[in-house]
Amino acid sequence: MDTQYRRRFRSQIKQPLDRWHLNWLARRAPAASQVSLGGRTIYMLPTAQGWLFVASSVVVFVAAINYALSLAFALSFLMTGVFLLTLVHTFLNLQGISLQASRAEACFAGENAVFRISVSRQDNRIREAIEVSAPVTGAAIQIKQHGQLANLTHAAADEVFLAIKTSVRGHFKAPRLRVKTVYPLGLWEAWSRPDLDMHCLVYPQPRVCDLPSSAGAGNSTDNLAFVPGTEDFYGLRPYQPGDSHRQIAWKVLARGQGLKTKQFVDPCDVSLMLDWAQFSGLALENRLSCLCYQVVQLSARDIEFGLRLPGQEFLPGRGDEHRRTLLEALALWS
Amino acid sequence: MVVNATIPRTSLIWVLSVMVLLILPHLSRMPIWLVLLALVCLTWRWLIYKGRADYPGRAVRVGALLAVGSASLLQYGGEGLSIEGMVMLLISGCLLKLLEMRYRRDINIVNTLAFLLLMAGFIYSQSIVSGLYNLLIALLILSSMISLNRAPDFAEGRVAQLRNLRMAGVIMLQAFPLMLVLFVTVPRISPLWGVPQPSNVSSTGVSDQMRPGEISELARSTEIAFRVEFVDEVPSPEQLYWRGLALEQFDGTTWSRNTAMIGPRRDQQYLTDSSQNPLKYSIIMEPSQQNWLYAISVPHVSLPGVFLDNQNTLYVSRPVVQRLRYDVSSYTQVPTDLLLGQRARALSLQLPEETNPRARELASQMREQYADDRQLANAMLSRFLSEEYFYTLNPPLLGVNGIDEFLFDSRQGFCEHYAGALAFMLRAAGIPARVVVGYQGAEANPFDDYLMVYQYNAHAWVEAWFEGEGWQRLDPTAWLAPERIEQGAQMLLRQNAQTLQNSAFANLLDRPLLQAIRLRLDSLEYAWSRRVISYDEATQLEFLQQWVGAARMQWLPAIMVMLVVLMLSAVVFGSVHKGRRRRDPIIEVCLDFMNSFAGTPLERLPGEGAQTYFHRLAAGSPLHREALEFCAREINQLMYDASPDPKAAWVKQELGQLSQHLKQLRRQLIPRHKIVRAASGL
């Protein structure tokens, strides 16, 4: 029962409110790659401790009235003064700082997208304990992420790394950040919700499946190519720093012909093509996941391969660039 | 920051030191079990901090709570909700909370309780010293709050702690003007409901009983009883009889007041008597824990809870537990009680049976000699002079028939002996008489316009009732030792200095420098209590009407808000201005020059440096080439040459020359680019 009410509350009240709030924020603080926090975009409220502080100031005030204690009046007013002043100090701790996000590396769905956010200031005012976090709103499961603290004491810039969990492939748009501070006294919380326009590409989540066997496509030897590997001896080449000691041709060295490295190759099918049609029984996302797994695995073995998607075909190739192209295609395929 | 986050280690040190400082002033009032609890809790917490002990388990915590609860019930439960009970409860709550203080939330609660304990300290003392002491504690509490909110990497270490303290100091200093504005303008209102007052504090000063030896004991105390400021001239010392209580009941050794007679005086005809100007003055009384005030002859005080009783004593409904300021108008010439009621007469003639037979005998002998009451009284006073009597601080102890022994055997006494004996003899002779206790004399403070009355000014004298005159003051001391009245009790004490060897006071009197410091400090304390402590409803109204004007009082809230907003904005602008990055003047000059061509063909290209810019310009305008290249060289030298001190004279001079050159160049270049633009327009 309880969960049912909670669900209804979430779907009928909380989510529309959140949406409205985000829309309002989008109008007020549009996305930009660099954001400077100013009076228009900083919001403030007393914290729980702030309310407690006010309450105790009121208690002191009432006691001062009842006991006619001048110094207790003074204490109560001092507390009021401190409360009002921390409003200013907490605001100033956030005001005038700039945030900039650098583009995150692509990741696989289910992994964390890691954004590097640089926090900097243009003036000489010290800023401390600025918490940067990325609350995920509207998601069924609220992921509470502890933010990281930026400090601008001596240096004018600091960096904060934010890891945000991704769930689906495609273009990932990071949620609005939450930048907040309660420094110095913890009586007020000043926060801002800048949108740093943080994007990253999310590849499909790899799904373990069989790799296409190189024999699968036909056995004719003229289709065979070799890729560096461990199976067959291929030849010698001059030693390069970083080559494994096991691969050094010691006999050749003993003959006085210099330092050589033995090269091995694996046989490989030149026309190895990963094909969409291969996984005909699977759902769309699962097909992409399987293809993704294969791309990752084959790239790791440095095998030359291509990819065939409906309407798209990638010729066989190898290397990081090739891998990125294919994964991108898988991520964005629709 | 997350509420459940653990506490930075250094915050604990702040909180522990705050707790120790908060508890110290209450130590003398704390029962022994609470002192033990404090020791145990603070040590345990310290050990936890050091990693040598663990947090107490649930059983220990519940046990401690129950033990403290029952102990405080036993200690304070009987007397209802007393202020001591509340303060001790607050202290024990804080101490127990220390032990389970693991998270930020806990430490926030302790910090809040600490502010309440600060307030509790003011119930007991509002002196300058305690004000400063509590200000220091407030500073430490703020530091502890700051240390909680800093990033963990920046929270540890001595430098960080000093920065916490400095930040707290800055906030405190900035809050001070705000506090002053609120202190002056926020309306004071009278107590909303009755509150328990401190009770187990021993009373000081003159008590409501007079036994031989009691006042001479008091005369050794150098504490202040009250301070007085006269509106007009200070009366002569022999007029400064500060009446406290009239003691009417005598049991053979002790004079005490008749509590049955206490009640507000009905006839206040002196108030309507406009023929005489009352003596006006204000008194700031130190806490006496007693419920009467001091004033000269027939006083009038309009203060809630204060009334004048039949014996011209000023009573207050609650004991004076705080410094109390009251304004008095004294009617010195008005006779009171011209008619003495039957009951009052009987009371002031009452004597215990069968004591002091020799004194009675003497009284009846003198009664036969003098028919007139006045003459008889004068004869009794003269007798102290004509016979050999000594005025001393160290009279011998007396037995059951004390008055007989004093009058006929020892003949040595202090004011209470003489007053007691005189009142006894007057009564024995049929003249209504009573003993009055209070203070006599005062010491002027040369640093300010007020008088100090010390405990050693304590005095006892007699009032006798005469037909047609009412109650009249008779002071045997004035007859016997007039120097005490004229020059003050200090003189007498100095003469008795040998007998006071142990008291620091004896030394103090003979050191002019120390004396001056003492008086200076006292004048500070007086100003403090007059301006700050006794800033109440009436004073506030008077002060504000004087400054704001009675007609503009309704603007007061607006003025207050305006001042507060003004101060807050001053803080904002102050810190923003202070944080503004100061640019090198040379860069400023360069940028000024380059930016002045914005929007023209001579505009600076994005990312172009000063040198490149000047050389580009030079290449494009052969006419000014030399001047431009010179400027570029000059800029180069000023910017990069062996870190020139920006304040050095030659740097300033060169900079001045450079900006002159640039100004000239700008004027020459601008018409040229206009031509260029016109040409390009074709």
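A residue is called buried if 20 or more other C-beta atoms lie within 10 Å of its own, exposed if 12 or fewer do, and partly exposed in between. The exercises below use this rule on a predicted model that scores ipTM 0.77 and pTM 0.74.

**Exercise 1. Burial of three residues in chain B**

Decide for B:Asn356, B:Ser297 and B:Leu563 whether each counts as buried, partly exposed or exposed.

*Solution.* Begin with B:Asn356, which lies in the loop between α11 (342-347) and α12 of chain B. Counting around B:Asn356 gives 25 other C-beta atoms within 10 Å, and therefore this residue is buried. Next take B:Ser297, placed in the loop between β8 (295-296) and β9 (298-300) of chain B; it has 20 other C-beta atoms within 10 Å, so B:Ser297 is buried. Finally, B:Leu563 belongs to helix α22 of chain B, and because B:Leu563 has 17 C-beta neighbours inside 10 Å, it counts as partly exposed. A further detail about B:Leu563 concerns B:Val181: the two are 382 residues apart in sequence, yet their C-alpha atoms are 7.4 Å apart in space.

**Exercise 2. Backbone angles**

Find what is notable in the backbone at B:Asn356, at B:Ser297 and at the peptide bond from A:Tyr183 to A:Pro184.

*Solution.* The background comes first: most residues other than glycine have a negative phi, and most peptide bonds are trans. Against this, B:Asn356 is not a glycine and still has a positive phi of about 45 degrees, while B:Ser297, also a residue other than glycine, has a positive phi near 30 degrees. Turning to chain A, the peptide bond that leads from A:Tyr183 to A:Pro184 is cis, with omega near 5 degrees, and A:Pro184 sits in the loop between β10 (178-181) and β11 (188-192) of chain A.

**Exercise 3. A helix and its surroundings**

Describe which residues of helix α14 (residues 402-410) of chain B are buried, and what these buried residues pack against.

*Solution.* The buried residues of α14(B) are B:Gly402, B:Ile403, B:Asp404, B:Glu405, B:Phe406 and B:Leu407. Their packing partners in chain B are the helix α12 (357-369), the strand β14 (412-413) and the helix α15 (415-428). Following the chain just past α14(B), one comes to B:Arg411, whose phi is positive, at about 55 degrees.

**Exercise 4. Two helices of chain A**

Work out how helix α5 (residues 284-300) and helix α6 (residues 320-332) of chain A are oriented relative to each other, starting from their crossing angle.

*Solution.* The axes of the two helices come within 10 Å and cross at roughly 175 degrees. Since angles over 145 degrees count as roughly antiparallel, α5(A) is roughly antiparallel to α6(A). From α5(A), the contact uses A:Leu288, A:Leu291, A:Cys292, A:Val295 and A:Ser299, and from α6(A) it uses A:Arg323, A:Leu326, A:Leu327 and A:Leu330. Sorted by class, the residues of this contact are seven nonpolar, one polar and one charged.

**Exercise 5. Where the chains meet**

State how many residues of each chain take part in the contact between chain B and chain A, and describe the side that chain B contributes.

*Solution.* In this contact, 47 residues of chain B meet 46 residues of chain A. On the side of chain B, the elements that give two or more residues are α5 (104-124), α6, α8 (158-185), α20 (512-533) and α22 (556-579). By class, that side of chain B has 35 nonpolar, eight polar and four charged residues.

**Exercise 6. Confidence along the chains**

Identify which elements of chain B have the lowest and the highest mean pLDDT, and which stretches of chain A, including residues 138-144, fall below 50.

*Solution.* Chain B as a whole has a mean pLDDT of 82, with 89% of its residues at 70 or more. Among its elements, helix α19 (residues 504-509) has the lowest mean, 54, and helix α6 (residues 128-149) the highest, 93. Chain A also averages 82, and 88% of its residues score at least 70. Within chain A, the pLDDT is below 50 over residues 138-144, a stretch with six contacts in the model beyond near neighbours in sequence. The pLDDT is likewise under 50 over residues 215-223 of chain A, where the model has seven contacts beyond four places in sequence.

Technical notes:
Residues are numbered from 1 along each chain as its sequence is written. Chains are lettered from A and ligands numbered from 1 in the order in which they are written. This is a predicted model: local features need pLDDT of at least 70, side-chain atom pairs count only at pLDDT 80 or more; totals for chains, interfaces and linings use all residues. Helices (H or I, at least four residues) and strands (E, at least two) are DSSP runs, numbered from the N terminus. Two residues are in contact if their C-beta atoms, placed from the backbone, lie within 7 Å. pLDDT is the predictor's confidence in each residue, from 0 to 100. Axes are lines fitted to C-alpha atoms, for helices over the stretch in contact, and angles run from 0 to 180 degrees between N-to-C directions. Angles under 35 degrees count as roughly parallel, over 145 as roughly antiparallel, 65 to 115 as roughly perpendicular and the rest as oblique. Ala, Val, Leu, Ile, Met, Phe, Trp, Tyr, Cys and Pro count as nonpolar, Asp, Glu, Lys and Arg as charged, and the others, Gly among them, as polar.
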